[in-house]
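Could you walk me through this protein, going from its strands to its buried interior? Here is the chain to keep beside you as you read.

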Amino acid sequence: MPDVVQPQSEAELTDLVAGASAPFEIIGTGTKRCFGRPVQAAATLDLSHFSAIEVYEPEELILEAGAGARLADIESLVEAKGQQLAFEPPDLSKLLGSAHSGTLGGMISCNLAGPRRIKIGAARDHILGIRAVSGRGELFKAGARVVKNVTGYDLPKLLTGAHGTLAAITSITLKVLPKPETEETIVIDGLDDTEAVNAMSLAMQSPAEVAGAAFIPGEAVYLRLEGIGPSVVYRRDALAKLLGRPIQILAAQSSRAKWQAIRDCALLADSQERLVWRLSVTPSDAPDILAALKEQLDVRYFMDWAGGLIWLDVPPTEDTSATAIRAALGSGHATLIRAPEHVRATVDVFQPQPAALSALSSRVKASFDPAHLFNPGRMYRGV
């Protein structure tokens, strides 16, 4: 078998997998290859040929495209119709040193979403249907373009975030949503970690419908409001009164630029040699977790999702960073996003699973891919 195989159709892909005796590393354009542990595979399964935008019905808010479709092309297409992928998939090309933002399949496989997730959900909450080939060499379809027609197990959500370990995805159906008419961002400076989390939590608990809440140390807390103009102004004034602090306002253009930088993790993209971690925690725990980490590590960080998500980096010499980070987390989760291959091969890239959950993951993997043909070991050793 050649080192790289690129099936031209679902039938060819099905035959290829059915006749395989050694594992594959699945890629689209390879921009997310550094997500997870290194895969030791006999060949690379290149799905970039499945790149067509198959259906786009703006009136029905439905888009169906091949897993290899470029994310930038999809976003340009829907933007031309005044629509968007509302979960705001990040462009991590600067952070990861890749050529572009990647493909639809890569984004779904990694379940990537931006700051608006706090209001509108993650990628898996917007996926309607999927076509894929299992490790048994069987083509299957799950979900539908019309939500009310979806029955049975919600396999699209299961495959979203599976990092290509369960099936080779060929086509994805998503719901798209109208872009907001305008947006503004409230800016509150001069806060420490605790004050920032308290301010973001207060904003999220209000009726202001905040569509993004982030804190950049040394800068400010940022609270995004979206919608029609009069509504944004009304909610902005009410939220400013509730917060009881001096505020500044970023108008629409400046607001979009700031949230794009937060979405794309641009704040940590300047030092490619540093290791980047993404921590998912209870927002109220974020200040204590950061205080514990600052005592042990040289960290740079910012908070997203009102403190529920902490992005941080540490120097590459910090060999104990994984141990220190996970010890400080409590019930949270830590994922290593950027690191050299030798580090990802030795460190638990994803949060270690409890025994019961690990056993369940193994059974799910066995049901979809019993011979472990797809991305073996990408998420956990042996899975």
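The paragraphs below go through a sheet, the nonpolar cores, two helices and a residue late in the chain. Please keep in mind that this is a predicted model.

Let's begin with the sheet. Three strands make up an open sheet with parallel pairing, and their order is β1-β3-β2. The edges are taken by β1 (4–5) and β2 (24–27), each of which pairs on one side only. Between β2 and β3 (residues 43–46) the parallel pairing runs over 4 bridges. To find your place in this pairing, look for F24, which stands opposite A43 in β3.

While you are in β3, stop at T44, which belongs to this strand. Is T44 buried or exposed? T44 has a relative accessible area of 11%, and because the cut-off for buried is under 20%, it counts as buried. Leaving aside neighbours within four places in sequence, T44 is in contact with D3, V4, V5, E25, I27 and R33. With R33 there is also a polar contact, in which the two side chains come to 3.4 Å.

Next, turn to the nonpolar interior. In soluble globular proteins, nonpolar side chains tend to be buried together. Here the largest nonpolar core holds 52 residues, and the members that touch the most others are L95, L159, I172 and W311. Another core, of 48 residues, lies apart from it and includes L225, V232, L290 and V349. Back in the largest core, I172 makes a good place to zoom in. Beyond residues up to four places away in sequence, I172 touches L63, E64, A65, A67, L104, G105, I108, I127, G129 and I130.

Now move on to helix α8 (residues 229–243), where you will find R236. What is the relative accessibility of R236? The value is 18%, so R236 counts as buried. Apart from neighbours within four places in sequence, R236 is in contact with E184, I186, L225 and I249. L239 lies in α8 too, and at 2% relative accessibility L239 is also classed as buried. The contacts of L239, again without neighbours within four places in sequence, are I186, A203, S206, A208, V210, L223 and L225. Take A208 from that list: L239 and A208 are 31 residues apart in sequence, while their C-alpha atoms are 6.4 Å apart in space.

Helix α9 comes next on our tour. It covers residues 252–263, and its 12 residues reach 16 Å from the first C-alpha to the last, close to the 16 Å expected at 1.5 Å a residue. Its buried residues are A252, S255, K258, W259, I262 and R263. Where do the buried residues of α9 fall when seen down its axis? They fall within an arc of 135 degrees, so they line one face of the helix. An α-helix has 3.6 residues a turn, so residues three or four places apart point the same way. The buried residues of α9 pack against β11 (182–189), β12 (212–216), β13 (220–227), β14 (248–250) and β16 (300–304). After α9 comes C265, which has a positive phi, near 55 degrees.

Finally, follow the chain to P376, in the segment after α13 (355–368). P376 counts as buried, at 18% relative accessibility. Which residue is 336 residues from P376 along the chain, with its C-alpha 7.2 Å away? The partner is Q40.

How values were computed: Residues are numbered from 1 along each chain as its sequence is written. This is a predicted model: local features need pLDDT of at least 70, side-chain atom pairs count only at pLDDT 80 or more; totals for chains, interfaces and linings use all residues. Side-chain values use heavy atoms; hydrogens and water are left out. Two strands pair if DSSP finds at least two bridges between them. A nonpolar core is a set of buried Ala, Val, Leu, Ile, Met, Phe, Trp, Tyr and Cys residues joined through side-chain atoms within 4.5 Å. Buried means under 20% relative accessible area, exposed over 50%, partly exposed in between (1.4 Å probe, protein chains only). Contact means heavy atoms within 4.5 Å. A polar contact is a pair of N or O atoms within 3.5 Å; within protein, one must be able to donate a hydrogen and the other to accept it, and residues adjacent in sequence count only if both atoms are side-chain atoms. The expected span of a helix is 1.5 Å times one less than its number of residues. The arc is that of the directions from the helix axis to the C-beta atoms.
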